[in-house]
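Here is a small set of exercises to work through with the model open beside you. Try each task yourself before you read its solution.

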Amino acid sequence: MPHTLVLAVAILTLLCLPAIVAAIVCADELIERAARAMHQARLSRRERRAISRLDRSIGPTVEVALVAPDDHERPTIEQIAADLHRLGQQRLGVAQRSQVWQTAVLRAYDEQLRLASACLGVTQHLSELVGVDLEIERVRVEGELQARGMTLPTAGAERREQR
C-alpha cells in the first residue's frame with residue numbers, strides 16, 4: 001500500500017511538472033506586464049503634475065493680442081473651426097512644402113487654436129513654449145477642444161478617409 005501511494009504521487013508530480021513550469025513562465029510575463037503598467041501610470045502622473053506645475057507657474061494667460069477690441073471683428077467659433085479644419089489639413093500635408101510654408105501654417109494653426117481656446121475656456125500655453133514642448137501642448141489643447149465638441153483633423157482621421 002505505501003508503495004502505491006508513493007508511485008501515485010510520483011506519477012502525479014511528473015504529470016503536473018509541465019503545468020508548473022508553464023505557470024512559472026507565464027507568471028514572469030504577467031509580472032512584466034504589471035511592472036510596465038505601473039511604470040506607464042507613474043509617467044502619466046508625472047506628466048499631469050508637470051502640466052499642473054506649469055499652469056501654476058505661468059498663471060492665467062491673458063490673450064490681449066488675440067482678441068480684437070471690437071466684438072464685431074472677432075471671428076465666430078464656426079469661422080475658427082473652419083479655419084482650424086483648413087489649416088489642419090494643410091498642416092498634415094506640409095511634407096511636400098518648404099520649411100517656410102510649414103512654419104507659416106503652424107503659426108496660423110496655433111493662432112486659431114488660441115482663439116478657439118479663448119472662446120471655449122481652455123487654458124493653453126502655446127505662445128510660451130517652443131520645440132517638443134510646443135508640440136505636446138498643441139496636442140493637449142487639441143484634445144481639450146475635441147473634448148468640448150470641436151472636431152479637428154488628425155493624421156488618423158486622414159488615413160481613415162483615404163481608405
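**Exercise 1. Place L126 in its surroundings.**

Task: Decide whether L126 is buried or exposed, and find which residues it touches.

Solution. Begin with accessibility: L126 counts as buried because its relative accessibility is 2%, where buried means under 20% relative accessible area, exposed over 50% and partly exposed in between, with a 1.4 Å probe and protein chains only. Before going further, a word on the material: this is a predicted model, in which local features need pLDDT of at least 70 and side-chain atom pairs count only at pLDDT 80 or more, while totals for chains, interfaces and linings use all residues. Residues are numbered from 1 along each chain as its sequence is written, and side-chain values use heavy atoms, with hydrogens and water left out.

Next, locate the residue: L126 sits in the loop between α3 and α4 (131-147). Helices here are DSSP runs of H or I with at least four residues, strands are runs of E with at least two, and both are numbered from the N terminus. Now list the neighbours. Leaving aside residues up to four places away in sequence, L126 touches D110, L113, R114, L134, E137 and R138, a contact being heavy atoms within 4.5 Å. Finally, take one of these partners: R138 is twelve residues from L126 in sequence, and their C-alpha atoms are 6.8 Å apart.

**Exercise 2. Do the same for L152.**

Task: Find which loop holds L152 and how far its C-alpha is from that of H85.

Solution. First, L152 belongs to the loop between α4 and α5 (155-162). Second, its relative accessibility of 9% makes L152 buried. Third, L152 and H85 are 67 residues apart in sequence, yet 5.8 Å separates them in space, C-alpha to C-alpha. Fourth, the contacts of L152, again without residues up to four places away, are L84, Y109, E142, L145 and Q146.

**Exercise 3. Describe how α2 packs on α3.**

Task: Work out the angle between α2 and α3, and which residues meet.

Solution. Start with the geometry: helix α2 (residues 77-92) and helix α3 (residues 99-120) pack at about 150 degrees, with axes 9 Å apart. The axes are lines fitted to C-alpha atoms, for helices over the stretch in contact, and angles run from 0 to 180 degrees between N-to-C directions. The two helices are therefore roughly antiparallel; under 35 degrees counts as roughly parallel, over 145 as roughly antiparallel, 65 to 115 as roughly perpendicular and the rest as oblique.

Then turn to the side chains. From α2 come I77, I80, D83, L84, L87, G88, Q90 and R91, and they meet W101, V105, L106, A108, Y109, Q112, L113, L115, A116, C119 and L120 of α3. Sorted by class, this contact has 14 nonpolar, three polar and two charged residues. Ala, Val, Leu, Ile, Met, Phe, Trp, Tyr, Cys and Pro count as nonpolar, Asp, Glu, Lys and Arg as charged, and the others, Gly among them, as polar.

**Exercise 4. Repeat the analysis for α3 and α4.**

Task: Find the angle at which α3 and α4 pack, and the residues that meet.

Solution. The angle is about 40 degrees and the axes are 11 Å apart. That makes α3 oblique to α4. In α3, the residues in contact are L106, Y109, D110, L113, A116, S117 and L120, and their partners in α4 are L134, R138, V141, E142 and L145. The class count is eight nonpolar, one polar and three charged residues.

**Exercise 5. Track the salt bridges.**

Task: How many salt bridges does a search of the whole structure find?

Solution. The search gives eight, a salt bridge being a side-chain nitrogen of Lys or Arg within 4 Å of a carboxyl oxygen of Asp or Glu. Now look at examples. R33 pairs with E29 at 2.8 Å, N to O; both lie in helix α1 (residues 2-58), four residues apart, about one turn of the helix. R33 is partly exposed at 48%, and E29 is partly exposed at 42%. In α3, R114 and E111 meet at 3.2 Å, N to O. R114 is buried at 13%, whereas E111 is partly exposed at 28%. To finish, D110, E135 and R138 are linked in a network of salt bridges.
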